[in-house]
Amino acid sequence: MKEVISANEDRMKKTTANLKDGFASLRTGRATPALFDKIRVDSYGEKSPINQVANISVPEARLVVIQPWDKTMIGEIEKAIRSSELSLNPSNDGKVIRISIPPLTEQRRKELVKMAKNQAEAARVAIRNIRRDGNEELKKKLKDAAITEDDESKGAAELQKLTDSYVGQVNQILEEKEKEIMEV
């Protein structure tokens, strides 16, 4: 029973971690290196994340500076950023790329909140599916006489507690992201 609970808890942890990763790439009005995590650059015939070919820094709240380790990569990095869904306009001086993060419009903020809510709902559904899988696993163990009925009901109750806890975490993460998106 314990292994079922711990395996399902690990899956729930991964689900919340994936949600945080997904939220990191949602653009808010504030500059952050995480914005560029999903952007891939053509580097010597391979697609690499920007942070593997350049140093990304945030000297000001609305400014990102990308300094490629190889100066010949500037054009590729700039092209990758322009073609991304971030809608940013990078400029370079031959050594570094500067990206000014414009403030978000009210409409764009609302769209981002809606996207965040959809991602959070998908995470909640995934957590509930994990609970269902765990309950099925417990029922199978009961059927195979590996555990008693008491163990099965205790396990189901424990899985429900875990589910409630992780759904609460998802709600907290969403609330924080919503606040971050809506602040001007």
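This report walks through the confidence, the sheet, a helix and a few single residues of a predicted model.

## Confidence in the model

Let's begin with how far the prediction can be trusted. The mean pLDDT of the protein is 89, and 99% of the residues score at least 70. Helix H4 has the highest confidence, at 93, while strand S1 (residues 40-43) has the lowest, at a mean of 86. As a general reminder, predicted coordinates should not be read in detail where pLDDT is low.

## The four-stranded sheet

Four strands form an open sheet in the order S3-S4-S6-S5, and their pairing is antiparallel. The edges are taken by strand S3 (54-60) and strand S5 (91-92); each has a single partner strand, so one side of each has no neighbour in the sheet. In general, the strands of a sheet pair through backbone hydrogen bonds, either parallel or antiparallel.

If you trace the chain from S3, a hairpin of two residues leads into S4. These two strands pair in the antiparallel sense over five bridges, and Ala54 stands opposite Pro68 in S4. S4 (residues 63-68) also pairs with S6 (residues 97-100), again in the antiparallel sense, over four bridges. Here Leu63 stands opposite Ser100 in S6, and Val64 has Ile99 of S6 as its bridge partner. S4 is mostly covered, with five of its six residues buried.

## Helix H4 and its packing

Helix H4 covers residues 149-182, 34 residues in all. From first C-alpha to last, H4 reaches 49 Å, close to the 50 Å expected at 1.5 Å a residue.

Which residues of H4 are buried? They are Glu152, Gly155, Leu159, Leu162, Thr163, Tyr166, Val167, Val170, Ile173, Leu174, Lys177 and Ile181. Many helices can be read with one simple rule in mind: an α-helix has 3.6 residues a turn, so residues three or four places apart point the same way. The buried residues of H4 pack against two other helices, H1 (2-24) and H3 (106-143).

## Met1, at the start of the chain

Met1 lies in the segment before H1. Is this residue buried or exposed? Met1 is buried, with a relative accessible area of 16%, which is under the 20% cut-off for that class.

A look at its surroundings brings us back to H4. Leaving aside residues up to four places away in sequence, Met1 touches Leu138, Ile147, Asp151, Lys154, Gly155 and Glu158. One of these contacts, Gly155, is among the buried residues of H4. Met1 and Gly155 are 154 residues apart in sequence, yet their C-alpha atoms are 6.4 Å apart in space.

## Two residues with positive phi

Two loop residues are worth a look at their backbone angles. Tyr44 is not a glycine, although its phi is positive, at about 50 degrees. Tyr44 is found in the loop between S1 and strand S2 (46-49). With 64% relative accessibility, Tyr44 counts as exposed.

Ala145 is also a residue other than glycine with a positive phi, in this case near 65 degrees. You will find Ala145 in the loop between H3 and H4. Its relative accessibility is 65%, and Ala145 therefore counts as exposed.

Note on methods
Residues numbered from 1 in each chain as written. Predicted model: local features only at pLDDT ≥ 70, side-chain atom pairs only at ≥ 80, totals over all residues. Heavy atoms only, no water. Pairing = 2+ DSSP bridges. Expected span 1.5 Å × (residues − 1). Buried < 20%, exposed > 50% of the residue type's maximum accessible area, 1.4 Å probe, protein only. Contact = heavy atoms within 4.5 Å. pLDDT = per-residue confidence, 0-100.
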